[in-house]
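Let's take a walk through this structure together, going from one local feature to the next and ending with the chain as a whole. Keep the viewer open as you read.

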Amino acid sequence: MTSDQQPQRTGILRRTARYITGIELVIGGVSVLMILVLVFYQALQRYLPFESLAWTGELARFALLWATFAAMGVLVTTHGHIALELVDSLRNPMAVRFIQVISLVIVAAAAFGMTLEAWALVQTQGIVKSPVLRVPMSWVYIPVLIGVVSTTIRALIAAADIAIHGPIIAEVDEDQPEVAGL
């Protein structure tokens, strides 16, 4: 079954997810661009005759954190997260559906645990300031909290979508032997 044969999944949730995906991709892209610019500037600072700016390294580390967690939800939605691709090639669609749903529920459970921890960090780390910029660390953890909440919601929606509409089946090469006789 190719992607053209997959059932159409449209509606208000799909459009909302598309907008949220755009926002998360912008956050991730800006964060990666910040890392690129700041790290290049750090390398350039070694050869400039004036005093270097200490905050560039700190901001680059924060941007790495933000890019990572902003992209988590997008990866779950686009099936770019770590997956068991061997299982996707099983010939029994019900087995593939079951395994995909269970794996997404596990991802949602792990993301929910990270959501609780990120919330605790936002709540408790306001008194701690970053070493150079003196930004409250609770502010640094807010994008992390948003990313793990997005991942939790997206994984649950994807699990429900697969449970209702069927699995997302990878293209199987007909020359490949059947896996485990399924």
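**An aromatic pair and its surroundings**

Start in helix α2, which spans residues 55-77: both Phe 62 and Trp 66 sit there, 4 residues apart, or about one turn of the helix. Please keep in mind that this is a predicted model. The count of aromatic pairs comes to 1. That pair is Phe 62 with Trp 66, in a tilted arrangement, with 6.1 Å from centre to centre and 35° between the planes. The arrangement counts as tilted because 35° falls in the range that is neither under 30 degrees nor over 60. Are the two residues buried or exposed? Phe 62 has a relative accessible area of 11% and is buried, and Trp 66, at 17%, is buried too. Both qualify because buried means under 20% relative accessible area.

From Trp 66 you can step across to helix α1, where Ser 31 lies. Leaving out residues up to four places away in sequence, Ser 31 touches Ala 63, Trp 66 and Ala 67. Ser 31 is buried, with a relative accessibility of 3%. Where does its side chain reach? The side chain of Ser 31 comes to 2.8 Å from the backbone oxygen of Ile 27.

Ala 67, one of the residues touched by Ser 31, belongs to helix α2. Ala 67 is buried as well, at 11% relative accessibility. Again setting aside residues up to four places away in sequence, Ala 67 touches Gly 28, Ser 31 and Val 32. You can also check its distance to Ile 35: the two residues are 32 apart in sequence, and their C-alpha atoms are 9.4 Å apart in space.

**A salt bridge across the chain**

Helix α1 also takes part in the next feature. The structure holds 1 salt bridge, formed by Arg 154 and Glu 24, whose closest N and O atoms are 2.9 Å apart. Arg 154 is in helix α5 and Glu 24 in helix α1 (residues 12-45), so the pair, 130 residues apart, links distant parts of the chain. How accessible are the two partners? Arg 154 is buried, with a relative accessible area of 8%, and Glu 24 counts as buried at 7% relative accessibility.

**The largest nonpolar core**

Stay with helix α5 for the next stop. In soluble globular proteins, nonpolar side chains tend to be buried together. Here, the largest nonpolar core has 8 residues: Val 76, Val 101, Leu 104, Ala 108, Ala 155, Ala 158, Ala 159 and Ile 162. At least two residues of this core come from each of α4 (93-124) and α5 (137-165). The largest share, 4 residues, is supplied by α5. For a closer look, select Ala 159: leaving aside neighbours within four places in sequence, Ala 159 is in contact with Val 101, Leu 104 and Val 105.

**Stepping back**

Now zoom out to the whole chain. Its secondary structure comes to 5 helices and 0 strands, and from the N terminus on the elements run α-α-α-α-α. Of the 182 residues in the chain, 30% are buried. Among contacts between residues at least 6 apart in sequence, 74% join residues at least 24 apart. Finally, the chain exposes about 11800 Å², and carbon and sulfur atoms supply 70% of that area.

Methods:
Residues numbered from 1 in each chain as written. Predicted model: local features only at pLDDT ≥ 70, side-chain atom pairs only at ≥ 80, totals over all residues. Heavy atoms only, no water. Phe/Tyr/Trp six-rings, centres within 6.5 Å; stacked < 30°, edge-to-face > 60°. Buried < 20%, exposed > 50% of the residue type's maximum accessible area, 1.4 Å probe, protein only. Core = buried A, V, L, I, M, F, W, Y, C linked by side-chain atoms within 4.5 Å. Contact = heavy atoms within 4.5 Å. Salt bridge = Lys/Arg side-chain N within 4 Å of Asp/Glu carboxyl O. Areas by Shrake-Rupley, 256 points an atom, 1.4 Å probe, with all protein chains shown as cover. Polar contact = N/O pair within 3.5 Å; in protein donor to acceptor, adjacent residues only side chain to side chain.
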